[in-house]
Amino acid sequence: DECPENPKGMFGICIEKCSDSIEGMNCSAGFKCCSNGCGRICKRVGYTLTINTTVIIDLTWTDSLTNTDSSMFSQIQMAAQNMIKRSFNVEYSSMIAGVQLMKMSRYTVEDKFITLLDLLLYFTENEANEHLEPGRARLMSYKFTTDNTSSNVIDVHLGSNSENPFSICGGTKCSGICKQLRSDIQYCSCNSGYGGSGCTTFDCSTEMSALMETNNSLCQNGGQCMKTNPSSVNECHCQPGYTGLLCQVNLNACPPVLQRPKGLIGPCRSLCMDGDCKKEEMCCKVSCGGNACVEVGYLQKMAVKFTIDFPFTSDFNDTNHPMYQMLKAQLENWINSFITTKNILGYKSAKFVNAQPSTDEQVTRRKRQNIYTVVNLELQFTNVIPVESMLALRDIILTDSFNENGFSLTVSNLSYGLQGGCPTMACAPGSFCVTTFGGGLQCACPKSKSGQLCEVFDCEPGDTNLCQNGGTCSYSNTDMQKYCECPRGYFGKLCEEEIDVCAMGLCINGGKCFNLKGGNHYCDCPEGFSGTVCECC
């Protein structure tokens, strides 16, 4: 309950905004009259740390919500405080000391403008991340109710805000939860089994949590914690039907917290009952209280679209026609056997979605045949999709051909990922939009990228594995960005490009230039000349 320390080198305005002895200038409950470095202001006390939190609600956005002095702002502040305390103060009755609504901003989803709340949560104790998850899940199922509105919660994210959507914490991207102590020091709080400055290193035998099992393993649902080889870290090897780093995801059951299905931004309603759903689907509860048919049995799935040199026929529009059944079976068998032989981590199966006539006139004209067929497939994975492996596989598919039982084809115009927003904008080049277990959308990033759209270069400072040709991952305090610091003679995001020193025309008098490693060069001088650049005669 003592006043928090003022950050070093920071001075507040020299005005007395409160007093413990003057009536009418006392601070409200939960606050104390404290020095701001020059004057005195009311500061919140009774907390150990704070966590920036974003909450997205389906309240239609209006510019008036930016007015922090409006009655609507005050009502949403009160609703947020009540709902968050109700969500988190269950297992631990006084976990939340206070909630402050910092601002509201516009958020776009499915071509609708809704509202994002930037909140600051004050916690009485430094609870383990696992203790915060039940409160976050409960908040997803509540409504934000004011005098005139009732809004459903779309998403809750602990550890970031709209000005820092990539969870940069103490100069490093945080894969856990970014927490800030009363001293204003930020640190990345790791989930069970994770370590490192950004919580990116996982080992299932690491004692990182008070929730440690007696067998010194974090693996759940019968998973075994073991090493694949002596030099690797311990990993959870899951029982059939389970996946995830901790084997915590039951692929044949409803997700514990389900994203609201597409088209359900308005009033919540039930879209199914038991027995209504297709094979490999279950009727599951969504966050607002309704039901929806949800496909189970996978962790992530990705769309694949390509053109085959096979004439399109209207029979492909009839799912019961033998031509449709033949095309479906041949393509699913081909893709399944092809990917399985490549040992792609976590690959489960391919599902034929539909076939359409090609609109690429250049292909049709070049081949001098009928309109070709565009195929839409869906690839399912029981683990996070290995982006680099799938990108390498794409190049192989484009150069390979399929021949079996008299059925042959070649592939062109192959693309990965859902088209359009993911959720609101296109994923950066080298990544693609995928569907996650529970119906959510996210950009699948390669190892060198992070962020909502995979637009942020990411590496672990000091790491030499990602950066090529002897480059080292570094962090810039100036623009808060990570980059590869390249040795002499190399450049590029990953130090993958070699400088062409000879392009500078260094050799003179007819000397022939040869590039050497490390940005060096050698001049092969004609007869009668010598020197580093053939300058001596």
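User: What makes the link of Cys219 to Cys236 a disulfide?

Analyst: A disulfide is a pair of cysteine sulfur atoms within 2.5 Å. The S to S distance from Cys219 to Cys236 is 2.1 Å, so the pair meets that cut-off. The structure is a predicted model, in which local features need pLDDT of at least 70, side-chain atom pairs count only at pLDDT 80 or more, and totals for chains, interfaces and linings use all residues. Residues are numbered from 1 along each chain as its sequence is written, and side-chain values use heavy atoms, with hydrogens and water left out.

User: Why is the link of Cys219 and Cys236 called left-handed, and how many disulfides are there by this rule?

Analyst: The angle about the S-S bond is -95 degrees, and the link is left-handed. By the rule, the count comes to 17 disulfides.

User: How do you know that Arg106 lies over the face of Phe113?

Analyst: A charge sits over a ring if NZ of Lys or CZ of Arg is within 6 Å of the ring centre and within 35 degrees of the ring normal. Arg106 is at 4.1 Å from the ring centre of Phe113 and lies over its face. Lys342 lies over the face of Phe338, at 5.2 Å from the ring centre. Both distances therefore fall within the 6 Å limit.

User: What makes two rings an aromatic pair, and how many such pairs are there?

Analyst: Rings of Phe, Tyr and Trp (its six-membered ring) pair if their centres lie within 6.5 Å; planes under 30 degrees apart count as stacked, over 60 as edge-to-face and the rest as tilted. The count by this rule is nine aromatic pairs. Phe310, Phe312 and Phe316 form one aromatic cluster.

User: How do the lining residues of the second largest pocket divide?

Analyst: The lining has 13 nonpolar, eight polar and six charged residues. Ala, Val, Leu, Ile, Met, Phe, Trp, Tyr, Cys and Pro count as nonpolar, Asp, Glu, Lys and Arg as charged, and the others, Gly among them, as polar.
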